[in-house]
Structures are given as C-alpha cells and as structure tokens.
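Trainee: Can we go through the labels on this one? I'd like to hear the reasoning behind each of them.

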Amino acid sequence: MDPLSQFLLAILFFHSSEYILAAAIHGMSNVNVKSLLVSKEYVLAMVFALLEYFFELLLFPGLKEHLWVSNLGLAMLVVGEIVRKLAIVTAGRSFTHLIRVYHEDHHKLVTSGVYAFFRHPSYCGFLIWSVGTQIMLCNPIATVGFAVVVWRFFVARIPYEEYFLRQFFGADYEEYARRVPSGVPFVM
Ligand SMILES: C[S@@+](CC[C@H](N)C(=O)[O-])C[C@H]1O[C@@H](n2cnc3c(N)ncnc32)[C@H](O)[C@@H]1O
C-alpha cells in the first residue's frame, strides 16, 4: 500500500477507535462528536501535511521515494497507536478526553500496566503516532512542525492535569511522580 493510503487509513482508524473505546468505557450516552478528537487546529495541521505531500510529490518526487523512511514512520505510527490504546484500556473509567477538575468516586489513581513505565502514556503514544504519520509521508516540514506543536501542547497540558491529580490523590500521586517519568521528552 502507498504511504498516502496508509496515512488516510491510519487517521480513520485512530479517530474511529478513540470514539468506540470512549463509548465502550463511558457508555454511548456519555460520548459525542468531541470524542472523535477532531479540532479545527488538528484539521488545519492535517490539511497542511497533505499540501506539503502533494507539493513535494510534484516538485521533488525523489523525496518521496525513501522506502525505509516511510517504513520507519509506519512503525512509529503502529507503536504510538498501541501505546495510546493500552493507556486508554488500562486507565478505563479514569481516562477521560477532557481533564477532570473535580474528583469523582470512581476516579482511581492508575499506576499499573503502561502507567508503570510512563505517567502520560497516551500523550507519549500520540506524540509518536503524529510524528510517525509525517515521517511516513516523507514530509520534512510537517515532521518538525508536528513534533514541535504536539510537544508544546503537552508541555502546557501536563502541569495543568497534574495539578488536579495532586489535589485528588495527594501523597500517592507525589510518590508516583517521583518514581515514574512523564513519557514526554524534556517533561520531568
Ligand atoms: C486524556 S487522559 C490522559 C491520561 C494521561 N495523561 C495519559 O497520557 O495517559 C486525561 C485524564 O486522565 C486522568 N489521569 C491522568 N493520569 C492518571 C492516572 N495515573 N490515574 C488516574 N487518572 C489519571 C486525568 O485526571 C484526566 O482527567
């Protein structure tokens, strides 16, 4: 299969599986179109990626013929998808797409499975997945762009999320955070 078809399939699989998992874990009545995780910024980024792909295919076709680069991107995409989905399944009802700011009884601190290796496995997985999509398309500009934008997004999000996790789980979260790395590069 060519990289463009793989890219379109990867996007379709990622979003439909996010929706299906959210519905399976939280119930159909608790999911809506937002569970597809498609924001305006995200659509713009993907349109930019496609424009770069077609522009370079037309002007520098040789750039798109590095099979090993495409396969490296495909491998990253698969690894990222697996890490993220393992995180969602492991955290179960504790995993919500929106960051919880109030504690609910069924929200338990998860420290097992992939959470024993990283505090933010789903973010780590998404970072690998998103950069992998661009390496697979042999898109040099979008590869750097996606890495910087997605990384910056998580750099801002993680302290906010952990502020509430510390409020909910106190010393247990402190001890967990001391022991387990974030999983996102350069985030302690
Ligand atoms: C989109 S999920 C992301 C979870 C985690 N940051 C990750 O990358 O796998 C965000 C929700 O997960 C919850 N959460 C994050 N880490 C958690 C943990 N170790 N145990 C339980 N809930 C957690 C947060 O309270 C938040 O509502």
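Mentor: Sure. This is a predicted model, and we can start at Phe186, which lies in the segment after α5.

Trainee: What makes Phe186 count as exposed?

Mentor: The cut-off for exposed is over 50% relative accessible area. Phe186 has 80%, so the exposed label follows.

Trainee: And what is odd about the phi of Phe186?

Mentor: Its sign. Most residues other than glycine have a negative phi. Phe186 is not a glycine, yet its phi is near 65 degrees, a positive value. Cys138 does this too, with a positive phi of about 55 degrees, and Cys138 is not a glycine either.

Trainee: Where does Cys138 lie?

Mentor: In the loop between α4 and α5 (140-179).

Trainee: Is Cys138 buried or exposed, and how do you know?

Mentor: Buried means under 20% relative accessible area. Cys138 has 8%, so it is buried. Cys124 gets the label by the same reasoning: its relative accessibility is 7%, so Cys124 counts as buried.

Trainee: How many disulfides does the structure hold?

Mentor: Zero. A disulfide would need a pair of cysteine sulfur atoms within 2.5 Å.

Trainee: Now Phe118. Why is Phe118 called partly exposed?

Mentor: Partly exposed is what sits between the 20% and 50% cut-offs. Phe118 comes out at 29%, so that is its class. Its place is in the loop between α3 (67-91) and α4 (121-136).

Trainee: What does Phe118 touch, if residues up to four places away in sequence are not counted?

Mentor: Cys124, Tyr176, Val180, Pro181, Ser182 and Gly183. Each of those contacts means heavy atoms within 4.5 Å. Take Val180: it is 62 residues from Phe118 in sequence, but the two C-alpha atoms are 5.9 Å apart in space.

Trainee: How far apart are the C-alpha atoms of Thr90 and Ser70?

Mentor: They are separated by 30 Å, with the two positions 20 residues apart along the chain. Thr90 is found in helix α3.

Trainee: And what makes Thr90 partly exposed?

Mentor: Its relative accessible area is 30%, which falls between 20% and 50%, so partly exposed it is. Leaving aside neighbours within four places in sequence, Thr90 is in contact with Val110, Ser112, Gly113, Val114 and Tyr115.

Trainee: Zooming out, how many helices and strands does the secondary structure come to?

Mentor: Five helices and zero strands. Read along the sequence, that gives the pattern α-α-α-α-α.

Trainee: Why is the protein called as compact as a globular protein of its length?

Mentor: The globule rule gives 16 Å for 188 residues, and the radius of gyration is 18 Å, close to that, so the description holds. As for the box that the C-alpha atoms fill, it is roughly 55 × 35 × 25 Å along the principal axes.

Trainee: What share of the residues is buried?

Mentor: 43% of the 188 residues. The accessible surface comes to about 10700 Å², and 72% of that belongs to carbon and sulfur atoms.

Trainee: What about contacts between residues far along the chain from each other?

Mentor: Among contacts with a separation of 6 or more, 75% involve residues 24 or more positions apart.

Trainee: Last one: how far apart are the mean positions of the positive and negative charges?

Mentor: 6 Å, taken over 14 positive and 14 negative charges.

How values were computed:
Residues are numbered from 1 along each chain as its sequence is written. This is a predicted model: local features need pLDDT of at least 70, side-chain atom pairs count only at pLDDT 80 or more; totals for chains, interfaces and linings use all residues. Side-chain values use heavy atoms; hydrogens and water are left out. Helices (H or I, at least four residues) and strands (E, at least two) are DSSP runs, numbered from the N terminus. The radius of gyration is taken over C-alpha atoms; the globule rule is 2.2 Å times the number of residues to the power 0.38. Buried means under 20% relative accessible area, exposed over 50%, partly exposed in between (1.4 Å probe, protein chains only). Accessible areas come from the Shrake-Rupley method with a 1.4 Å probe; for residues, only the protein chains shown count as cover. Lys and Arg count as positive and Asp and Glu as negative; His and the chain ends are not counted. The place of a charge is taken as NZ of Lys, CZ of Arg, CG of Asp or CD of Glu.
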